[in-house]
Amino acid sequence: MSGQLFLRHCFSLLISLCLTVTSAQSAPHPLDPLDVPEMETAMQVLRSARKLQPGFMIAQLALKEPDKQAILSGRTPPREALAVVYDRNANATYEAVIALATARLTSYQQIPGAQPAISGEDSYLADQAVRANAQWVAAMKKRGIANPTDDVAVDFWSIGHFGLPEDNGARLVKGICYLRGRTANYYARPIDGVVVIVDVNARKVTRIIDTGIVPIPKETFEYQGGVVKPAREAPKPLRITQPSGPSFQIVDGEVRWQKWRFRFAMHPREGLILYMVRYLDDGRERSILYRGSLSEMAVPYGDPGAGWFFRNSFDAGELGLGHVASTLRAGYDCPTNATLFDSVMADERGIGSNMRHVTALYEVDAGISWKHYSDTKRARNLVLGYVSTVGNYDYAFDWIFHQDGTLEMKAGLTGVMSVKAVDPAAPNHSDHGHMVANALSAVHHQHFFNFRLDLDVDGAEGNQAVEMNTVAAPAGKGNPYGGAFDMTETVLRTESEAMRPMDFSTSRRWKIVNPKVKNSLGEPVGYALLPGENAPSFAAPGSSIRRRAGFLNFPFWVTPFKANELYSGGDYPNQNKGGEGLAKWAAANRPVDGKDLVVLVHHGHHAQPSARGLARHAGPRSRIQIGARRVLHQQPGARLTVAQHR
């Protein structure tokens with residue numbers, strides 16, 4: 001969750017049978033991400049228009065997505081780029097739209113009060129300012145660190161907005177210190193009691209908060225191979241082979257597999273985006289999802305201490321999940337049968353470069369799909385995934401396509417715990433954390449993944465959101481033995497009605513239906529949302545994080561489609577005081593019955609760490625499923641054609 005992005009991890013090389021797929025199409029699809037020549041065109045237009053002042057930073061350069069109706073009608077709109085330009089000298093943020101075919105600047109407007117995401121350049125400038133500050137050097141030496149410049153690592157975090165004196169509009173970050181020495185896992189050696197506030201544009205430390213010396217833990221808890229002694233004997237080799245190659249095809253950028261059709265792209269902020277997801281049903285393509293992506297993340301920590309209260313990271317909007325996507329290695333980060341894809345991202349100067357092997361596409365055995373007596377059908381899934389390394393955490397995001405028409409999103413959490421140094425004699429459990437090693441406490445925290453699903457069930461218009469609840473039937477004549485229970489359905493007609501909490505006592509779930517299209521039994525076709533693990537926010541309703549992440553108020557929302565309503569935490573969450581994004585849109589209480597609907601749903605993970613995962617934190621797998629709600633004459637699994645297994 002830190003903003004220190006300029007450090008690079010070095011990986012050992014692995015020789016494997018990986019495919020790097022590049023597009024051979026002559027013209028890009030309207031939804032394809034920008035390539036390097038298009039980025040060069042956009043930057044040349046900005047230079048020619050004299051919009052790049054000394055000290056400029058390109059916070060984002062990506063495709064400006066074309067009109068949805070134009071795409072659905074089969075038209076090919078002219079491609080445009082959207083650039084977020086930050087002027088450090090003026091502390092001002094601008095959005096520029098560039099027509100790529102004509103090399104023309106069509107729009108350039110300032111966004112008042114906006115601070116774009118923290119970049120690697122921000123972290124570098126802040127790091128230089130900290131190391132040059134005599135007060136910081138003295139604070140480190142006071143703690144027995146003779147050579148702070150070489151031996152201390154500083155991670156930079158967004159500061160949020162708490163109404164404090166430093167919340168004055170300057171571009172600020174807060175630095176947290178660790179004793180690096182010669183260890184790879186410096187997160188296990190926090191230098192607690194020191195927080196550094198840096199004005200990035202001024203290149204200076206504005207304040208150092210020193211709450212007193214806390215002994216620095218001595219054990220390093222290394223995690224790198226060759227340093228750590230294996231915990232167990234390695235299992236025997238498991239080989240995954242597909243002698244005839246993968247079952248999917250990629251045709252002009254469209255993935256085709258087992259009746260599924262979809263496109264995908266990597267975005268600097270959202271990470272992996274799905275586009276135009278359809279399912280081939282009895283020879284007819286049926287639309288399901290026009291666009292699906294992670295809209296925002298919120299990771300609040302529950303410790304009120306000076307070094308922790310501000311740690312409420314918006315990992316997508318404040319850092320950018322695509323910018324920190326990791327290089328994937330077959331056999332380690334994904335199976336050996338994976339096809340790997342490169343992506344192009346622009347740096348702070350708008351220079352596009354290739355990020356190698358950041359997305360993986362592969363098939364996996366999915367167990368038994370259907371069985372009755374000796375008749376068994378085995379299932380297979382198609383997985384499209386990537387990994388983002390955000391400070392101490394690594395997030396693995398997988399879109400999983402099932403043969404029965406189910407689409408699943410799985411978010412995996414791993415990496416290294418974020419810990420604080422404490423008195424070795426402290427109790428194993430405190431109100432705000434758990435001891436995970438001698439003198440180290442891992443602070444309780446939560447992860448909220450908010451997904452935006454532009455569902456188009458058999459068409460973009462005329463969809464309805466329906467809530468399903470199951471309750472015990474009243475005892476009496478209609479339920480003489482007390483074992484009956486009923487499922488009720490309620491149509492959600494406005495945005496306020498569609499702000500819904502979880503209710504496990506009624507097995508609450510939701511579905512998006514199209515009343516104009518009926519299945520073989522005359523019922524509306526639809527897709528159901530099957531939420532997995534979830535947790536409420538434990539932050540107080542009026543707290544900073546609840547103001548800034550209004551989407552935490554409910555795990556399920558429905559809004560009418562609007563092209564510029566993409567980010568549930570607001571377009572510019574960095575240092576924003578709150579009130580933007582999903583909660584603001586939905587406050588209009590627009591009708592959603594029979595509209596082109598967008599579902600925003602989050603799953604929350606409540607992290608209560610334990611000692612088993614300090615250096616190699618193997619977190620949970622949170623998931624959301626959307627599955628077809630239609631009655632079939634046969635079970636989907638019974639109709640599968642089974643591949644040969646040898």
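So, Y86 and T93: in this predicted model, T93 in β4 is the bridge partner of Y86. Y86 belongs to strand β3, residues 80–87, and β3 is joined to β4 by eight bridges, with the two strands running antiparallel. Between them they make a hairpin with four residues between the strands, and in that hairpin N91 takes a positive phi near 50°.

Now follow the chain along β4 and out the other end. Strand β5, residues 104–110, is the next partner, antiparallel to β4 again, with six bridges this time. If you want a pair to click on, take V97, whose bridge partner in β5 is S107. β4 and β5 also form a hairpin with four residues between them, and here A103 in the turn has a positive phi of about 50°.

Okay, how many residues of β4 are buried? Eight of its eight, for residues 92–99. You might ask which ones point which way. A92, Y94, A96 and I98 go one way, T93, E95, V97 and A99 go the other, and all of them are buried. That fits a general pattern: in a regular strand the side chains alternate between the two faces of the sheet.

Let's zoom out to the whole sheet. It's an open one of four strands, in the order β2-β3-β4-β5, with antiparallel pairing. Which strands stand at the edges? They are β2, residues 56–64, and β5; each has a single partner strand, so one side of each is left without a neighbour in the sheet. On average, neighbouring strands here are turned by 20° against each other, ignoring direction. At the β2 end, β2 pairs with β3 over eight bridges, antiparallel, and L61 stands opposite A83 in β3.

There's a helix on this sheet too. α1 lies across β2, β3, β4 and β5, running at about 130° to β2. In α1, residues 36–48, have a look at E38. Is E38 buried or exposed? Buried, with a relative accessible area of 12%. Setting aside residues up to four places away in sequence, E38 touches P28, P33, R79 and L100.

Next stop, helix α4, residues 134–142, where the buried residues are W136, A139 and M140. Why are they on the same side of α4? Because they cover an arc of only 95° around the axis. The face turned away from that buried side carries the exposed residues A134 and K141. What covers the buried residues includes α3, α5, β6, β7, β8 and β9. As for the ends, N133 caps the N-terminal one, with a side-chain oxygen 3.1 Å from the backbone nitrogen of Q135. After α4 comes G144, with a positive phi near 85°.

One loop residue before the core: E222 sits in the loop between β9 and β10. A polar atom of its side chain lies 3.4 Å from the backbone nitrogen of A184. E222 and Y186 are 36 residues apart along the chain, yet their C-alpha atoms are separated by 8.8 Å.

Last, the nonpolar cores. The largest one has 98 residues, and those with the most contacts inside it are L274, F397 and F401. Take F401: leaving aside neighbours within four places in sequence, its contacts include W257, W260, F262, L274 and V277. There's also a second, separate core of 20 residues, including L34, A42, V45 and L63.

Definitions and conventions. Residues are numbered from 1 along each chain as its sequence is written. This is a predicted model: local features need pLDDT of at least 70, side-chain atom pairs count only at pLDDT 80 or more; totals for chains, interfaces and linings use all residues. Side-chain values use heavy atoms; hydrogens and water are left out. Buried means under 20% relative accessible area, exposed over 50%, partly exposed in between (1.4 Å probe, protein chains only). The arc is that of the directions from the helix axis to the C-beta atoms. Contact means heavy atoms within 4.5 Å. A polar contact is a pair of N or O atoms within 3.5 Å; within protein, one must be able to donate a hydrogen and the other to accept it, and residues adjacent in sequence count only if both atoms are side-chain atoms. A nonpolar core is a set of buried Ala, Val, Leu, Ile, Met, Phe, Trp, Tyr and Cys residues joined through side-chain atoms within 4.5 Å. Two strands pair if DSSP finds at least two bridges between them. Axes are lines fitted to C-alpha atoms, for helices over the stretch in contact, and angles run from 0 to 180 degrees between N-to-C directions.
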